[in-house]
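Colleague: Could you walk me through the wording used for this model? I would like to see what stands behind each term.

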Amino acid sequence: MKILITGANGYIGRHVVYTLIEKGYDVIACDITTTEIDSRAHKIDLNIFNLQEGNIFEQLGSPDVCLHMAWRNGFVHNSNTHIGDLSAHYDFLTRLIDGGLRQLAVMGSMHEVGYWEGAIDENTPCNPTSMYGIAKDALRRSILLYGQQHDTIIQWLRCYYILGDDLKSSSIFGKILKAEKDGKTTFPFTTGKNKYDFIQLDVLTRLIVATITQSKISGIINCCTGEPMSLAERVESFIKEKNLNIKLEYGVFPDRSYDSPCVYGDSSKINEILALKNET
């Protein structure tokens, strides 16, 4: 199986490329720069928003599957680039489908949903509250419809709260590591009572790879654990796991009114995929 990955040089993409190659897949890794991608991949330095005329599906190697992970400013949720880039994402993906792509997986986000309490499944209504969430939601709706009209398998991979390779992220975990590195002994914090679906990057990578290397299960797929944990518990565990000296200062920041007290993914479909792939 030949798999094209866009955004392959990114926070998650590099790990997906490596895992696919280790499993014996033929990987075409595409990004604006490919400096940190496994050398065994076929690398293409390309801005997908500035493409030439012609069949881009064939130009990019006629892959069996495309995993679209390219996205600017993913950690800056209210950047104007999210809406500004939306039509370019749609144009790129529909041109791939028009050129002959039969299976497309796109990286989504739980931020498409907006405020929600409890488990999120594929039928949960979406009311995004950030530019990032709005753009992802719009792309999801349009690509699912386009894929249906063109008999293309669409897999929308909805991700949750990721940790791992933290210095390359903008998460609270990365910020804590940087604070420790700077010699700080305390870290300002909220009450930490809110519960989220945290997932390690290596686990997420395994779920993504399992999903895109099968075609039986499609649609919206939560790449999650299905097990909510309080922010305080997860951060305290992180500090202990990393053997850090820094301490949390609880209550310095107020809990945000727009954050759900408990939100997590329904893991039913991803568990079906793992069973299909004989993984645990």
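Colleague: Which residues of α6 are called buried, and what makes them so?

Modeller: They are F173, G174, I176, L177 and A179. Buried means under 20% relative accessible area, while exposed is over 50% and partly exposed lies in between (1.4 Å probe, protein chains only). This is a predicted model, in which local features need pLDDT of at least 70, side-chain atom pairs count only at pLDDT 80 or more, and totals for chains, interfaces and linings use all residues. Residues are numbered from 1 along each chain as its sequence is written, and side-chain values use heavy atoms, with hydrogens and water left out.

Colleague: What covers the buried residues of α6?

Modeller: The cover includes β8 (161–163), β9 (186–188), β11 (198–200), α8 and β14 (247–249). Helices (H or I, at least four residues) and strands (E, at least two) are DSSP runs, numbered from the N terminus.

Colleague: Why is α6 called oblique to α8?

Modeller: Helix α6 (residues 172–181) and helix α8 (residues 231–241) pack at about 40°, and their axes are 11 Å apart. Angles under 35 degrees count as roughly parallel, over 145 as roughly antiparallel, 65 to 115 as roughly perpendicular and the rest as oblique. The pair is therefore oblique. The axes are lines fitted to C-alpha atoms, for helices over the stretch in contact, with angles from 0 to 180 degrees between N-to-C directions.

Colleague: Which residues make that contact?

Modeller: I172, F173, I176 and L177 of α6 meet R234, V235, F238 and I239 of α8, where contact means heavy atoms within 4.5 Å. By class, seven are nonpolar, none polar and one charged.

Colleague: What makes α1 and α7 oblique too?

Modeller: The axes of α1 (residues 13–22) and α7 (residues 201–212) come within 9 Å and cross at roughly 60°. That angle falls in none of the named ranges, so α1 and α7 are oblique to each other. On the α1 side, H15, V16, T19 and L20 take part, and on the α7 side L201, T205, I208, V209 and I212. These residues divide into six nonpolar, three polar and no charged.

Colleague: How do you know that T94 is buried?

Modeller: T94 has a relative accessible area of 6%, so it counts as buried. T94 sits in helix α4 (residues 86–99). Leaving aside neighbours within four places in sequence, T94 is in contact with I143 and Y146. A polar atom of the T94 side chain also lies 3.1 Å from the backbone oxygen of D91.

Note on methods. Ala, Val, Leu, Ile, Met, Phe, Trp, Tyr, Cys and Pro count as nonpolar, Asp, Glu, Lys and Arg as charged, and the others, Gly among them, as polar. A polar contact is a pair of N or O atoms within 3.5 Å; within protein, one must be able to donate a hydrogen and the other to accept it, and residues adjacent in sequence count only if both atoms are side-chain atoms.
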